[in-house]
Structures are given as structure tokens and as C-alpha cells.
Amino acid sequence: MLNTYSFPEFEYVQSAEQKTGEVLRHTVVIVGAGPMGLTAALDFAARGLKVVLLDDNNTVSVGSRAVCYAKRPLEIWDRLGVAQPMLEKGIKWQFGRVFLRDQEVYNFNLLPEDGHKIPAFINLQQYYLEEYLVDACEQNDLIDLRWKHKVVSLQSYDDHVELAVETPDGIFRLQTDWLVACDGANSDVRKMVGAKFTGHFFQDQFLIADIVMKADFPTERWFWFDPEFHRGQSALLHKQSDDVWRLDFQLGWDSDPEEEKRPENIIPRVKAMLGEDVEFELEWGSVYQFACRRIDRFRYGRVLFAGDSAHQVSPFGARGANTGVQDVDNLGWKLAAVVRGEAPVALIDTYHSERAFAADDNLLNSTRSTDFITPKNAASMRYRNAVLNLSKTQEFARPLVNSGRLSTPTPYTESTLNTPDTDIWKGSMRPGTCVADAPIRVDGKSDWLLNQFGEGFALLVFGLEPTPVEAGVFTPTTVVVGQHFDDIEGLAAKRFDATEGAVYLIRPDQHVAARWRTFDRDRIMAAISQATGGQSQ
Amino acid sequence: MSLTLTPNIEDPDGFYEMLTEAQRDMSAEEADDMNARLVLILANQIGQASLLREAVELAL
């Protein structure tokens, strides 16, 4: 198995501190060099923090695992300068079909609006994604990436955490002001701090297989309920790079995962799906079960949780990795401000309130999809089948078909960092919302709105020359539409419902903090203070 | 608007007959499947979330 990708083996290096036995105090240590840990390292380093990143292994993800990456995480990776290889290697798609038995009952087009730099979705094997992130980390002098470093114990103090770390050279101790746990759904760090991780466990199992085939299936997401080739269950087909296709078969609770994952048992299932005469090679197979659950608090003193260590969802909707990257996006600027003493520690607590709110939204969507795909009892099954049967001929039933609602950013509508609107606005750019992109022209060259905001706060001003706003370390980058760049298609003005003089205060994670129809320095200062935990200026 | 709980069905006896006649030759399973479809069709006619919630609670 596995012949389109050869796994890199990263070199273990004994650290100087382990060699000398000196216990060093670091600023930030991240546990787990998966997509979240690697992204966190890049984000924190982009904000000037020195980072130590520990991983207990020395290669990238085995098997393709996470496959679908949504627009928002790709925008975050673009801000960090790592999106280009992902977009080049990834498969862009926007169309999905849902079948009942062998009849199409529903299809959807993610209809990416024109005028965004980043597409709605790409499919890319997780190992490629991690490889690109590792490359970027290794080129960054602020990131100390250490392979074969396993955290074996943890002691929390008021102002730091002490870790015991095991390497091929034995166990050594280190201290850190902040620890960020990106060590996945089975997080050891979470167990070490004794956090609760509760929710629903689903009594079902799924077989995933990656196959290599040169087929002229379209680049679409195909989902079957009760297909002829796999009666009574569901199945999924999705394309990845290198002619690798992801297949997913629902197995039910009584299947034996060890038996199911054997190639001689996978291959007949694939043939039943694709036809006897389709040539393919099996690359990787795995059986998974899943739960929808979340940690009670994203912050335990000086320990912070991000990604699957904080929340686990079903795969339907691609809400795992995609929401994890947004955790990191939310945390980075807050942690950097607190580490530098620019904002109160209370700012970090808004990481919990905002991202727990988003996690709950993801869990709700993910649980609903799973309940549709894996009905809980005979009555739910009856309704599920009624929806599918009606949807063959009746348009009204089609919105009820739920084979996964795809990941979109959750607006932080309830956040204490927002300054509530006092003016009347149309459209979706209300405080707490991730800002929309738009095509622009800078100095005669095509560019994108999202690339104009920099790493800190930004003021997006429409049309009028503003007076400067001085807010110390939080002084915003001011960008004036019509002066610093041209809104060539008028899409920025349209998406932000802008009139002459309208002002948006945008957070370092590109979310709207506040907006006004007119420029008022004092109100802007107050909103910056509000968005940074109340102690800036 | 809240759920109509005063008599509103035109020709009540005729409606009841039509409903039971439709299921006269069905197995319990087939009738249950039809009822599920019927609930969805009627729910779409109502549409409004608060009314649907009220109806579900009334039926509990």
C-alpha cells in the first residue's frame, strides 16, 4: 500500500537544554506538530513570539486523514504565507451530489461568489498539508521544532507550567509561561490537567479507504444513502491530489474493525462501488468511530487547548481541522499581547468564550448531520427515509437532506470584544464576523483586500481621509479605500455596505470589532480598548 | 400567529375517510412510512418554526 507519497523522516536532535541538564523557562511551548500545532507555531512566530514545538513522532500524518480544507483556514494560511503550495497541489471543488439507492435526489453547488482570492474548498491529503507547514516552520528562526519529544508529565503553577519530556536520550524537564496543547482528540495534556471532555458518542463505524485510480469521475462530492453496492448503509466518494480518491463506507456498529481494514475485505467493497473493471490500487485504509464532544474550558491556568484536543466532531461537514485552524487564528494575537504585557490575561479568557461558542455551533451542525446519516432509532430512520424518498420528486424536501453541512466561520455575535452597532447596516459584516475579501488594485496591480490588513488591528475607511488614530501597541494600520487602493469592482463597498466615510475596526484575526457610518477618533479608541480586554491606550 | 386549535378542516368526516381509506390495504410499516411523508408535506405547508414547535409539543 501507499505508493503516491513517500513519508519524510525528520531528524531527532537532542536539545542543548537536555544535554546540559539546565531547566530553561520558555515563553510558549506547543505540544503536537499536526496541522494545528504547526499553524500555531507559524502564527505565534508571525507575531514575534519564540516558540518551542514538540512532537512525539518524526513524520507527517500517516494516511490522508483530513481531506477538505475550507476557505477561511486557507485565508489564515495565506496570511501566514503558506497557502500557495496547498492551492497549487489541492483539488478545487464546489459541486456535490446525493444519491438514494442509485438515483440522484439532491445536488448542491457551494457557489463561490466571484471576487475572493481563496476558493470555497480544496481537497488535499493531510500529509501534504503538514509537509508544507513543516517546511515553513523549519525556515523560521523563531520556531524550534523538536521531533521525538513526548510530554510524559505536567505540573501547573500560577505563572508557568513544568513539563517532563521523554526523548531517545531519556527524560528532561522544561518550563514554559504558556503551554498550547494541539495533541489531538486523545490529548494526553487534557488528561494531565484533568479536564472534562464530554458529548455524544455515536454507535457506528466507518471504513475509509484511499485508492489510486485514473478515472474520469467528475471532481465532485458524491454521497449515497442505501446504495445498491452497499445496502442499508451510506457511502462517500471524493477526489484528492495525485489521482487518489477517498472512499468512505458506513459499516454499522457490529462490524469487526480489524477484519474490515484488511485489504482483502476492502477491495471487494471498492469493486462493488466502482465496478469490476475499474483499475485501482489501494493506498490506505482505516476504520473509525467518532464522537461529538468538547472540553469544558479551553484554558486551564497556563494551559490552552486548540483543535481536536478541545473539540471533536464527526467528519461530515469537514468541521474538524477547519475549525481548529480558526482556534489558532483567534488565540495567536491575544496570546502575543498578553505575553508582552500589552493586554490583561482576561483577553485570553475571550479565547475560550469565542471559540467555545464556535465549537458549540460546529458540534450542533455535526451532530445533526450524524443523526441524519446514522438515525438513532426506528422512528428517526423512518423520517430520514421519508425525506430521501420525497426529495427524489419534491423540491421542498431537499433542504432537509443532510449529508454534512460544510464548514463556514461562526460569527462571534455574543463576544464581549465587540462594540455593538449604533448605526443602521445591511449585509452580514456585523461585529464578530470574519471579514469578506474583495478584488482591489494597488499601484496599478491586482491584489486582494484581505492582504492589506497586516498582522495587527486595522481601520478600513471608505473614501474620506481620516485623522490618525494613535493607540500605542494597538495602533491600527489605516487603509483608505480609494486612496491606498481602488475597489475596482465595487465589491468591497458592497460587501461592507459602505457609504462615504464608513469605518470598520478589524481585529488582528480579521474579524470585525466595530463599525460606524462616520469617523470618530474617541469611539475608535474606545472600541480598540474594548477589543483588547479593556486596558490598552 | 399561533397554531389554529379551533375546527378548521373542511368536511371533517370526508377528510377522515380519505386518510383511513388511503391506508386501508397497507401494512403497519407502509402506513408508518406514509405518515412520515405526510408529516413532512404538511410541515412544509406550515413552514413557520414557532408553529411547528407548537404542533410538536401539542402532539407529545
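## Where the chains meet

In this predicted model, chain A contributes eight residues to the contact and chain B contributes six. Sorted by class, the side of chain B that touches chain A has three charged, two nonpolar and one polar residue.

Chain B also offers a backbone detail to look at. Asp11(B) sits in the segment before α1 (12–22) of chain B, and its phi is positive, about 50 degrees, although the residue is not a glycine. Asp11(B) counts as exposed, because it has 9 C-beta neighbours inside 10 Å.

## A three-stranded sheet in chain A

Let us turn to chain A. Three strands form an open sheet there, in the order β12-β18-β21, and the pairing is antiparallel. The edges are held by β12 (197–201) and β21 (311–312) of chain A; each has a single partner strand, so one side of each is left without a neighbour in the sheet. Helix α10 (residues 346–373) of chain A packs on this sheet and touches β12, β18 and β21 of chain A. The direction of the helix makes about 170 degrees with that of β18(A).

Within the sheet, β12(A) pairs with β18 (residues 291–295) of chain A over five bridges, in the antiparallel sense. One of the positions to look for is Phe197(A), which stands opposite Ile295(A) in β18(A).

## A four-stranded mixed sheet

Another open sheet of chain A has four strands, in the order β25-β24-β26-β27, with mixed pairing. Its edge strands, β25 (477–481) and β27 (512–516) of chain A, each pair on one side only. On average, and with direction ignored, neighbouring strands of this sheet are turned by 15 degrees against each other.

Five bridges link β24 (residues 458–462) of chain A to β25(A), and this pairing is parallel. Phe462(A) has Val481(A) in β25(A) as its bridge partner. Helix α13 (residues 521–531) of chain A lies across β24, β26 (503–506) and β27 of chain A, and runs at about 165 degrees to β27(A).

Just ahead of β26 there is a residue worth a glance: Asp497(A), in the loop between α12 (491–495) and β26 of chain A. Its phi is near 45 degrees, a positive value in a residue other than glycine. Asp497(A) is partly exposed, with 18 other C-beta atoms within 10 Å.

## Helix α8 and its two faces

Helix α8 (residues 263–274) of chain A has twelve residues. From first C-alpha to last it reaches 16 Å, close to the 16 Å expected at 1.5 Å a residue. Just after α8(A), Gly275(A) takes a positive phi of about 105 degrees.

Which residues of α8(A) are buried? They are Ile266(A), Val270(A) and Met273(A). Seen down the axis of α8(A), the buried residues fall within an arc of 60 degrees, so they line one face of the helix. That fits a general rule: an α-helix has 3.6 residues a turn, so residues three or four places apart point the same way.

The buried residues of α8(A) pack against four strands of chain A: β13 (206–212), β15 (234–239), β16 (244–250) and β17 (281–288). On the face turned away from the buried side, α8(A) carries the exposed residues Glu264(A) and Pro268(A).

## A buried glutamate

Finally, Glu75(A) lies in helix α3 (residues 71–79) of chain A. Is this residue buried or exposed? Glu75(A) is buried, because 24 other C-beta atoms lie within 10 Å. Leaving aside residues up to four places away in sequence, Glu75(A) touches Ile118(A) and Leu450(A). The C-alpha atoms of Glu75(A) and Tyr351(A) are separated by 20 Å, and the two residues are 276 apart along the chain.

Notes. Residues are numbered from 1 along each chain as its sequence is written. Chains are lettered from A and ligands numbered from 1 in the order in which they are written. This is a predicted model: local features need pLDDT of at least 70, side-chain atom pairs count only at pLDDT 80 or more; totals for chains, interfaces and linings use all residues. Two residues are in contact if their C-beta atoms, placed from the backbone, lie within 7 Å. Ala, Val, Leu, Ile, Met, Phe, Trp, Tyr, Cys and Pro count as nonpolar, Asp, Glu, Lys and Arg as charged, and the others, Gly among them, as polar. Two strands pair if DSSP finds at least two bridges between them. Helices (H or I, at least four residues) and strands (E, at least two) are DSSP runs, numbered from the N terminus. Axes are lines fitted to C-alpha atoms, for helices over the stretch in contact, and angles run from 0 to 180 degrees between N-to-C directions. The expected span of a helix is 1.5 Å times one less than its number of residues. A residue is buried if 20 or more other C-beta atoms lie within 10 Å of its own, exposed if 12 or fewer, and partly exposed in between; C-beta atoms are placed from the backbone. The arc is that of the directions from the helix axis to the C-beta atoms.
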